[in-house]
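Let's take a look at a protein model together. Have the sequence and the 3D view ready.

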Number of protein chains: 2
Amino acid sequence: MKAKVYVTLRKSVLDPQGKAVQHALETLGFGRSVKDVRIGKYIELELTGTDPAKAGEEVRVMCEKLLANTVIEDYRYEIVEPAREAAKAAR
Amino acid sequence: MKAKVYVTLRKSVLDPQGKAVQHALETLGFGRSVKDVRIGKYIELELTGTDPAKAGEEVRVMCEKLLANTVIEDYRYEIVEPAREAAKAAR
């Protein structure tokens, strides 16, 4: 089973890395297309468990304790079950 | 219109940051639950355009030129149209 975790800076927090990328995109000629850039983290966890509900709860605790700094960051996650993963891959 | 870009290390590339997080999770008592951790980037672009197909093509070029290092990284992206975004928010 897999968990996909997305950690993003809260809206109110400045994102200098995003601003740097935005500036670089402007330099490359995308200044007119891009209004704003925010950069976050994408974490893939390979889990051993088989119970999605239990896995979800564990991932929530991992986010709270380690993966996200909840003072300045938001997180969301999704649990991907092997069957669904296989179905996705087959598409 | 928004674009969500996911940049991940290729499978064959070592991910020391992921290993560090995995070790930290083990220290926190999640050693039995977590088999592997891979860390990537999650980039949100706020776009000015209104044509999803054109925006998608632009984002692809941005990924190739700047956002991903295609030698060691894979990328995927999705274009989120404002209407769908509003529908999502209303859910």
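What follows covers the ground rules, one helix and the way the copies pair up.

## Ground rules

This is a predicted model, so to speak of local features we need pLDDT of at least 70, side-chain atom pairs count only at pLDDT 80 or more, and totals for chains, interfaces and linings use all residues. Residues are numbered from 1 along each chain as its sequence is written, chains are lettered from A and ligands numbered from 1 in the order in which they are written, and side-chain values use heavy atoms, leaving out hydrogens and water.

## A helix with two sides

Meet α2 of chain B, residues 52–67 (a helix is a DSSP run of H or I, at least four residues; a strand is a run of E, at least two; both are numbered from the N terminus). Near its start, a side-chain oxygen of B:Asp51 comes within 3.0 Å of the backbone nitrogen of B:Ala53.

Which residues of α2(B) are buried? They are B:Ala55, B:Gly56, B:Val59, B:Met62, B:Cys63 and B:Leu67 (buried means under 20% relative accessible area, exposed over 50%, partly exposed in between, with a 1.4 Å probe and protein chains only). They sit on the same side of α2(B) because they cover an arc of only 120 degrees around the axis, taken from the directions from the helix axis to the C-beta atoms. B:Ala53, B:Lys54 and B:Lys65, on the other side, are exposed.

## Two copies

A turn of 180 degrees and a shift of 0.0 Å along the axis lay chain B on chain A with an RMSD of 0.0 Å (superposed by least squares on the C-alpha atoms of residues with pLDDT of at least 70 in both). The two copies are therefore related as by a two-fold rotation axis.

Note on methods. The expected span of a helix is 1.5 Å times one less than its number of residues. A polar contact is a pair of N or O atoms within 3.5 Å; within protein, one must be able to donate a hydrogen and the other to accept it, and residues adjacent in sequence count only if both atoms are side-chain atoms.
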